Amino acid sequence: MSELDLKNKPVDGLGLSDAQPTASMRVERLEGQDILTRHEDGTVQKSLRAFSCLAQPEPGDLVLTAENAGKTYVLAILERPSGSDQTPLALTSETPIRMKAPRISFETPVFELAAGSISFVAGLFHSLFKESNRIAGVDRSSSASTTQTTGSRLTVVHQSDVQKAAEFSQTVNGGMVVQSKTAVINTESDLRLNGERVNVG
């Protein structure tokens, strides 16, 4: 059936359920996936959160409901009592959520993210932190090239520190101090120490 046929076909022939007009009700309490809503006459009935209603209703919320095929659905939250200012707005979904836009911006004093796995795929990644604290059980990084620029750096390794490179070069403009209980230098070719003065022992 084409889109034009659907537009011209009578509603009765589309097999749609008779939907009742929308109504506003208060959320009495939550029981699992069921939302118990109270009518104006005081009766309480079970309602379901509509698929498009991502915000999780809380007790006391004034919600917009609609009936269809013998079920009542919560379409949206109209208002939350003023005394529930500290109740967070929870966006929940049983299915994946995908956001697609030319640009997505978040503006908040505090941003918290808790996830079992995070994947970033980007052509350009830019970050600017006044202070950064990172804790990881296992930290792996792979890149074609890496450049680090910092005012000062302190690295503390409690166990072993292994560095492997095809070529390794260090340039120190000031003094350089290396302290070790045991130091071993192995080279397959020449070992050169060049300096105005070299002290050994």
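pLDDT is the predictor's confidence in each residue, on a scale from 0 to 100, and the views below all show a predicted model.

**View 1. Confidence along the chain of the predicted model.** Averaged over the chain, the pLDDT is 84, and 88% of the residues reach 70 or more. Over residues 13–17, however, the pLDDT is below 50, and this stretch has 5 contacts in the model beyond its near neighbours in sequence.

**View 2. A barrel closed by 5 strands.** Following the strands around the barrel gives the order β1-β2-β3-β5-β4, and the pairing is mixed. From one strand to the next the twist averages 55°. When looking along any one strand, it helps to remember that in a regular strand the side chains alternate between the two faces of the sheet.

**View 3. Strands β1 and β2 with the hairpin that links them.** The two strands pair in the antiparallel sense over 5 bridges, and one pair to look for is arginine 29 with its bridge partner in β2, leucine 36. The hairpin has 2 residues between the strands, and glycine 32 in this hairpin takes a positive phi near 65°.

**View 4. Strands β2 and β3 with their hairpin.** Strand β2, which covers residues 34–38, and strand β3, which covers residues 44–49, run antiparallel and are joined by 4 bridges. Arginine 38 has valine 44 in β3 as its bridge partner. Between these strands the hairpin has 5 residues, and here glycine 42 takes a positive phi near 100°.

**View 5. The parallel pairing of β3 with β5.** Strand β5 spans residues 71–79, and its pairing with β3 is in the parallel sense, over 2 bridges. In this view, arginine 49 can be found with its bridge partner in β5, valine 74.

**View 6. Strands β4 and β5 with the turn between them.** The pairing of β4 with β5 is antiparallel and extends over 7 bridges, and within it leucine 64 stands opposite alanine 76 of β5. The two strands form a hairpin with 2 residues between them, where alanine 69 in the turn has a positive phi of about 55°.

**View 7. The pairing of β1 with β4.** Strand β1, made of residues 23–31, pairs with strand β4, made of residues 62–68, in the antiparallel sense over 4 bridges. Two residues of the pairing can be traced across to β4: serine 24 has leucine 64 as its bridge partner, while arginine 26 has leucine 62. Leucine 64 also appears in the previous view, where it stands opposite alanine 76 in β5.

**View 8. The largest pocket and its lining.** Rolling a probe the size of a water molecule over the atoms shows where empty space is left. In the largest pocket this space comes to about 1100 Å³. Its lining is made up of 21 residues, and those nearest the centre of the pocket are Ile118, Phe120, Phe125, Ser127 and Phe129. By type, the lining residues divide into 12 nonpolar, 7 polar and 2 charged.

How values were computed
Residues are numbered from 1 along each chain as its sequence is written. This is a predicted model: local features need pLDDT of at least 70, side-chain atom pairs count only at pLDDT 80 or more; totals for chains, interfaces and linings use all residues. Side-chain values use heavy atoms; hydrogens and water are left out. On a 1 Å grid over the protein atoms alone, a cavity is a set of points where a 1.4 Å probe fits but cannot get out, and a pocket is an open set with protein on both sides within 12 Å along at least five of seven lines; lining residues have an atom within 4 Å of a point. Grid points are joined across faces, edges and corners, and a volume is the space filled by probe spheres set on the points. Ala, Val, Leu, Ile, Met, Phe, Trp, Tyr, Cys and Pro count as nonpolar, Asp, Glu, Lys and Arg as charged, and the others, Gly among them, as polar. Contact means heavy atoms within 4.5 Å. Two strands pair if DSSP finds at least two bridges between them. Axes are lines fitted to C-alpha atoms, for helices over the stretch in contact, and angles run from 0 to 180 degrees between N-to-C directions.
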